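Here is a short report on one protein chain. Keep the sequence and the 3D view side by side as you read.

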Amino acid sequence: MSKNQQGTLGVWDGWSLGTGAMMGASIFVVSGTASGVAGPAAALGFMLAAVIAMIVALCNSEIATAFPETGGAYVYPRKVIPGMPGEMLSFASGWALFGGQGIGSSMVAITTAEYLNWTLQWFGISNPVPVKLMAFALIIFYAVLNMNSITGGRIFQLATTFVIAGIMLLYCILGFGYVDTANYANFMPGGVSSLFTASAMALMSYGAWSVIPAMGRAFKNPTRDIPMSMLLSLATCGAVFGLFVLIMNGLATPEILSASNAPAADAFASHSRYGSLIIAVGGIFACVSSSNSHVMTSSRVPFQMARDGFLPKILGTETKNGIPKASVIFLMVCQLFAVATSTLNLLVQMIVFVTSVSWLITMISVLMLRLRHPEIRTPFKMPFYPVTLVVSFLTILFMMTRFTRTAMLIGCLWILSSAVIYLLFTKTGLKKFCSKAE
């Protein structure tokens, strides 16, 4: 990033990136599945997941402010762990973020297209354009928007984030009048165990806060802006999601919600036709906001990996405005391929797992920073160390055990591929295509 582009983002920009990325398609789908598992207690599950994410964010903030660089969690391991082990852990963490928050977000383009079709049908309009073709157009639009300047994507992100937050709150306000309190009688039908399972599912909705430190040097005051942006966005989403799911369960039974692909809209449809339209429009804005945020931030990961000589050097180039254009195009191509090959279901399953792996690697890096580098004075210190670090590490491990075997297998294969790619571009003849930037 060129000097004249450093320090353009503030706390509210970071908040919009994190909040916009989290208020994406997952809350409109996962909320129904979680409700089917835990009943109305799924609302508590979403709040608990937000608290867990905030504890992890506190750990992340310490090392993020020590090394406020582009690439986020990818950067940290090799900063505190010398040699090949640090490099491999860094590559694995970056690859996990790119797969989970970058390529994995291609599913949102499909969801956006589905919501657009639903809205058009509400007005009696038949759309002849195939869903996949609409998804292609959306992916290309986000890429073009972020290839010209960071300002266009930033303003677009702020606008869409405020719109979707407002629509979700409006849904809660209007829905409150239709709530049937009888739906809350059996508040936690599956017991405490179901609450933890719902929380593990809800983590999918909060994983995107990690896009904030990926912007690194783009913040005006990283020491203050990064921690505040992460915590503020998590607090916002935790409160809104919890209330959203609680109202949704008051409008429909867990059986109806778990069987629906659009649970929030279907929950309102039997009470108010216009209420269902509101949430459909909200779903469109949520998906748009989430997709744009992921393109803006996830493209920085392969960019920095290439700058460090671990990927082809073309991905490490930038325009005179400091935009990693080649990296944005690379992400766009990967997303288009994912949509074209219909592998989205597999990608969705691995998102939470691989993102959690990146979190665990970051926590290990924080421990190494404390134990091996006392000379590095971090601007932000996590409270109650080492209790906070140990609790967050064990909690994430526990939550990962709540995933399906398929999700864990796919995630492990993705992480294993990072080791293969790292070795190919650092230990074979392919190394000639890579070079470390000055």
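## A histidine, a leucine and the whole fold

Start with His 373. Leaving aside its neighbours within four places in sequence, His 373 is in contact with Lys 79, Val 80 and Met 368. His 373 is found in the loop between α16 (344–372) and α17 (387–400). Is His 373 buried or exposed? Its relative accessibility is 17%, so His 373 counts as buried. The cut-off for that word is under 20% relative accessible area. Bear in mind that this is a predicted model.

Now turn to Leu 430. This residue is found in the segment after α18 (405–427). Because its relative accessibility is 32%, Leu 430 counts as partly exposed. Set aside the neighbours within four places in sequence, and Leu 430 is in contact with Leu 424 and Phe 425. Another pairing spans a stretch of chain. Leu 430 and Leu 311 are 119 residues apart in sequence, and their C-alpha atoms are 9.4 Å apart in space.

The table puts the two residues side by side.

| Residue | Place | Relative accessibility | Class |
|---|---|---|---|
| His 373 | loop between α16 (344–372) and α17 (387–400) | 17% | buried |
| Leu 430 | segment after α18 (405–427) | 32% | partly exposed |

Next, the whole protein. How many helices and strands does the protein have? There are 18 helices and zero strands. The radius of gyration is 21 Å, close to the 22 Å that the globule rule gives for 438 residues, so the protein is as compact as a globular protein of that length. Along its principal axes, the C-alpha trace spans about 60 × 50 × 40 Å.

Contacts reach along the chain. Take the contacts between residues at least 6 apart in sequence: 83% of them join residues at least 24 apart.

Then look inside. Of the 438 residues, 58% count as buried. The largest nonpolar core has 130 residues. Within this core, Phe 46, Tyr 171, Tyr 206, Trp 209, Phe 241 and Phe 244 touch the most other members. What does Phe 241 contact, leaving aside its neighbours within four places in sequence? Its partners are Met 22, Met 23, Ile 27, Phe 46, Met 168, Ser 205 and Tyr 206. Phe 46 and Tyr 206 thus appear in this list, and both are also named among the core residues that touch the most other members.

Last, the outside and the charges. The protein exposes about 16800 Å², and carbon and sulfur atoms supply 69% of it. There are 24 positive and 13 negative side chains. The centres of these two sets lie 9 Å apart.

Key
Residues are numbered from 1 along each chain as its sequence is written. This is a predicted model: local features need pLDDT of at least 70, side-chain atom pairs count only at pLDDT 80 or more; totals for chains, interfaces and linings use all residues. Side-chain values use heavy atoms; hydrogens and water are left out. Helices (H or I, at least four residues) and strands (E, at least two) are DSSP runs, numbered from the N terminus. The radius of gyration is taken over C-alpha atoms; the globule rule is 2.2 Å times the number of residues to the power 0.38. Buried means under 20% relative accessible area, exposed over 50%, partly exposed in between (1.4 Å probe, protein chains only). Contact means heavy atoms within 4.5 Å. Accessible areas come from the Shrake-Rupley method with a 1.4 Å probe; for residues, only the protein chains shown count as cover. Lys and Arg count as positive and Asp and Glu as negative; His and the chain ends are not counted. The place of a charge is taken as NZ of Lys, CZ of Arg, CG of Asp or CD of Glu. A nonpolar core is a set of buried Ala, Val, Leu, Ile, Met, Phe, Trp, Tyr and Cys residues joined through side-chain atoms within 4.5 Å.
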